[in-house]
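Work through the exercises below with the sequence and the 3D structure open. Each task is followed by a solution in steps.

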Amino acid sequence: MSDDRLIVALDVPNALAGLNLVEQLGDDVSFYKIGLGMLTGGGLALANELKQEQGKKIFLDMKLFDIGATVESAVRGLSQFDLDFLTVHGDPYVVRAAQEGKGGTDLKILAVTILTSLDRADLNAALIKDGAIQDLVLERAANAFDAGADGIIASPQEAALIRALPEANGKLIVTPGVRPAGAALGDQKRVATPAQAIADGVDHIVVGRPVWQAENPKAAAQAILAELG
């Protein structure tokens, strides 16, 4: 049985490329992330096919952010696809609206704290309040948990601190920005290895380019799984 702590990001151009990658990875990977980049390339159809026909778990990474009524409506519509995880921005009103929208389904609402590609200079340019990134992530995580989030998306570098929050008891921590030892960082600025992320209290790691850009994606995924132990 595959280890669902590894979520492979299908950040490929379209559903056909996604299906090809899933076929290459076979039974080694059971959990996939489909994001905005795939949305116009058949992303929802791919999510449905992988879930219903292949029994895979699906993380839909939409990072929803809008007025509460719109978020609630969007989540209500997406919940019909029998997804496992869905991301929204971590603002408390957005989280509350998403929880209303999912109704009685098993969909887990994951709140985005601060994107792992951002540093303090990026936050300054976006007029985000002063403070260390770690402090802001912790504050946003606690607020999102209080609003009902089932879990948090955060950098692995903040994972141990989030796991230590009283509000994090029984909640999920899912981390992008995970790179196997020796892998290129790409646009990620706050990263950790798979083993370190799990040691710091992460439930699931999300890995994209180190798998799908590899000469042998299956071997790359197996190497990451071996690092998880």
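Phe 31 and Phe 85 are both buried. The model they belong to is a predicted one, and the first exercise starts from these residues.

**Exercise 1. Aromatic pairs**

Task: Find how many aromatic pairs there are, and classify each by the angle between its ring planes.

Solution.
- Step 1. Ring centres must lie within 6.5 Å to count as a pair. The count by this rule is two aromatic pairs.
- Step 2. Take Phe 31 and Phe 85: the ring centres are 5.1 Å apart and the planes stand at 45 degrees, so this pair is tilted.
- Step 3. Place the two residues in the fold. Phe 31 is part of strand 2 and Phe 85 part of strand 4 (residues 85-89), so their pairing ties together parts 54 residues apart in sequence.
- Step 4. Take Phe 59 and Phe 85: here the centres are 6.0 Å apart and the planes are at 65 degrees, so the pair is edge-to-face.
- Step 5. Phe 59 sits in strand 3 and Phe 85 in strand 4, so this pair links parts that are 26 residues apart in sequence. Phe 59 is buried, as is Phe 85.
- Step 6. Put the pairs together: Phe 31, Phe 59 and Phe 85 make up one aromatic cluster.

**Exercise 2. A residue in strand 2**

Task: Decide whether Tyr 32 is buried or exposed, and list what it is in contact with beyond its sequence neighbours.

Solution.
- Step 1. Tyr 32 is located in strand 2.
- Step 2. Its relative accessible area is 0%. Buried means under 20%, and Tyr 32 is buried.
- Step 3. Set aside neighbours within four places in sequence. Tyr 32 then has contacts with Ile 7, Val 8, Leu 10, Val 22, Leu 25, Leu 50, Lys 56, Lys 57, Ile 58 and Phe 59.
- Step 4. For a distance to a remote part of the chain, take Ala 197, 165 residues away from Tyr 32 in sequence: the C-alpha atoms are separated by 18 Å.

**Exercise 3. Buried faces of two helices**

Task: For helix 3 and helix 4, name the buried residues and say where around the axis they fall.

Solution.
- Step 1. Helix 3 covers residues 43-52, and its buried residues are Gly 43, Leu 46, Ala 47, Leu 50 and Lys 51.
- Step 2. Viewed down the axis of helix 3, these residues fall within an arc of 125 degrees, so they line one face of the helix.
- Step 3. The cover over the buried residues of helix 3 includes helix 1 (15-25), strand 2 (31-35), helix 2 (36-39) and strand 3 (57-64).
- Step 4. In helix 4 (residues 68-78), the buried residues include Val 71, Val 75 and Leu 78.
- Step 5. These cover an arc of only 60 degrees around the axis, which puts them on the same side of helix 4.
- Step 6. The buried residues of helix 4 pack against helix 3, strand 3, strand 4, helix 5 and strand 5.

**Exercise 4. Positive phi**

Task: Examine phi of Lys 63 and of Leu 127, and state the setting of each residue.

Solution.
- Step 1. Recall the background: most residues other than glycine have a negative phi.
- Step 2. Lys 63 has a positive phi, near 50 degrees. Lys 63 belongs to strand 3 and is partly exposed, at 28% relative accessible area.
- Step 3. Leu 127 also has a positive phi, about 65 degrees. Leu 127 is in the loop between helix 6 and helix 7, and with 77% relative accessibility it counts as exposed.

**Exercise 5. The second largest pocket**

Task: Describe the volume and the lining of the second largest pocket.

Solution.
- Step 1. The space in this pocket is about 290 Å³.
- Step 2. The lining has 16 residues, and Thr 113, Ile 114, Leu 123, Ile 128 and Arg 140 lie nearest the centre.
- Step 3. Helix 6 (120-125) and helix 7 (133-146) each contribute at least two lining residues. Helix 7 gives the largest share, three residues.
- Step 4. Sorted by class, the lining consists of nine nonpolar, two polar and five charged residues.

Notes
Residues numbered from 1 in each chain as written. Predicted model: local features only at pLDDT ≥ 70, side-chain atom pairs only at ≥ 80, totals over all residues. Heavy atoms only, no water. 1 Å grid on protein atoms, 1.4 Å probe; cavity = no way out; pocket = protein on both sides within 12 Å on 5 of 7 lines; lining within 4 Å. Points joined across faces, edges and corners; volume = space filled by probe spheres on them. Helix = DSSP H or I, 4+ residues; strand = E, 2+ residues; numbered from the N terminus. Nonpolar A, V, L, I, M, F, W, Y, C, P; charged D, E, K, R; others polar. Buried < 20%, exposed > 50% of the residue type's maximum accessible area, 1.4 Å probe, protein only. Arc of directions from axis to C-beta. Contact = heavy atoms within 4.5 Å. Phe/Tyr/Trp six-rings, centres within 6.5 Å; stacked < 30°, edge-to-face > 60°.
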